[in-house]
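Student: Could we go through this structure together? I would like to begin with the whole and then look at the details.

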Amino acid sequence: MEGEAAHHLGRVLRAQQGQLYELSDGNRVWLGRVEEVKRDRVGFSLVEELPVYRPALQTTLLLSIVKFDAFEFALEKATELGVGWIVPLAAARSEKALLNAAPKRAERWKKILLEASQQSRRLRVPALGPLTKPEAAFSSKTIGPKVLLSERPEARSLRTILEGRTPADGSVSASLALGPEGGWTDSEFACAGKHGFSEASLGRLILRTETAVIATLASLNYAFSRQES
């Protein structure tokens with residue numbers, strides 16, 4: 001291990017020779033024993049390969065830009081809840097100042113995803129896409145349930161939408177779209193519907209973005225949990 005990760009392990013966590021750590025390259029997980037600790041390098045010997053957990057549910061999160069403290073909290077929790085791909089959305093009602101500043105925070109966001117992945121012992125770090133217009137994100141070819149959170153009275157409950165959607169092959173992909181603080185525009189609703197998204201409601205209470213992310217992803221995980229071994 002080299003670079004910043006090695007520095008953190010050696011200087012902050014004070015790793016010592018003989019200690020055991022779980023190591024992942026994104027495909028496999030090994031139990032490794034520390035053999036040497038230098039300033040920016042930690043050497044390991046591989047003890048044994050460990051069983052790998054691969055979630056059945058592969059979720060893409062289309063997350064509109066909101067205030068960065070809330071957005072980054074949502075990134076962290078989405079990672080802990082197993083999201084595989086995150087696309088920041090430049091929604092029509094997102095604040096323009098935030099949209100202008102968003103590209104400069106991409107590296108910070110990737111670091112948040114990495115640290116949350118390490119904390120939750122994920123095999124892989126979620127992929128972070130570039131800032132994208134909702135119309136382009138909605139039109140991406142994906143399979144499985146497509147859910148657009150909505151406050152409109154005609155939106156069906158998330159529970160109703162997820163009923164009977166469990167596939168027989170033991171795996172599923174899903175897409176989840178969350179709007180900005182000002183909500184989706186009529187044209188965004190129309191575009192999402194055109195591309196197969198179902199408007200879903202989490203109830204009558206108005207939730208913050210980060211709360212809605214956690215509630216919806218936890219519901220998706222629960223709905224498809226019977227596919228896990």
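Tutor: The turns below go from the overall build to the sheet, the charged pairs, the rings and the surface. This is a predicted model, in which local features need pLDDT of at least 70, side-chain atom pairs count only at pLDDT 80 or more, and totals for chains, interfaces and linings use all residues. Residues are numbered from 1 along each chain as its sequence is written, and side-chain values use heavy atoms, with hydrogens and water left out.

Student: How many helices and strands are there in the protein?

Tutor: The protein has eight helices and ten strands. These are DSSP runs numbered from the N terminus, with at least four residues for a helix (H or I) and at least two for a strand (E). The C-alpha trace spans about 60 × 45 × 30 Å along its principal axes.

Student: And what share of the residues is buried?

Tutor: Of the 229 residues, 41% are buried. Buried means under 20% relative accessible area, exposed means over 50%, and partly exposed lies in between (1.4 Å probe, protein chains only).

Student: What is the order of the strands in the open sheet?

Tutor: The seven strands follow the order E6-E5-E4-E9-E7-E10-E8, with parallel pairing. Two strands pair if DSSP finds at least two bridges between them. Strands E6 (127-128) and E8 (156-157) stand at the edges with a single partner strand each, so one side of each has no neighbour in the sheet.

Student: What holds paired strands together, in general?

Tutor: Strands of a sheet pair through backbone hydrogen bonds, either parallel or antiparallel.

Student: Which residues stand opposite each other around E5?

Tutor: Thr60 stands opposite Trp85 in E5, and Ile86 is opposite Leu128 in E6. E4 (residues 57-64) and E5 are parallel and share five bridges, while two bridges join E5 to E6. Strand E5 (residues 85-89) is mostly covered, with four of its five residues buried.

Student: Changing topic: how many salt bridges are there?

Tutor: A search of the whole structure finds twelve. A salt bridge is a side-chain nitrogen of Lys or Arg within 4 Å of a carboxyl oxygen of Asp or Glu. One of them joins Glu72 and Arg105, with the closest N and O atoms 2.8 Å apart. Glu72 is in helix H2 (residues 68-80) and Arg105 in the loop between H3 (96-101) and H4 (106-119), so the pair ties together parts 33 residues apart in sequence. Glu72 also meets Arg108 in a salt bridge (2.9 Å, N to O).

Student: Why does Glu72 count as buried?

Tutor: Glu72 counts as buried because its relative accessibility is 9%. Arg108, at 45%, is partly exposed.

Student: What about the rings: how many aromatic pairs are there?

Tutor: The count is five, where rings of Phe, Tyr and Trp (its six-membered ring) pair if their centres lie within 6.5 Å; planes under 30 degrees apart are stacked, over 60 edge-to-face and the rest tilted. Phe138 and Phe197 form a tilted pair, 5.1 Å centre to centre with 55 degrees between the planes. Both Phe138 and Phe197 are buried.

Student: Finally, where is Leu207 found?

Tutor: Leu207 is in the loop between strand E10 (198-201) and helix H8 (209-223). At 35% relative accessibility, Leu207 counts as partly exposed.
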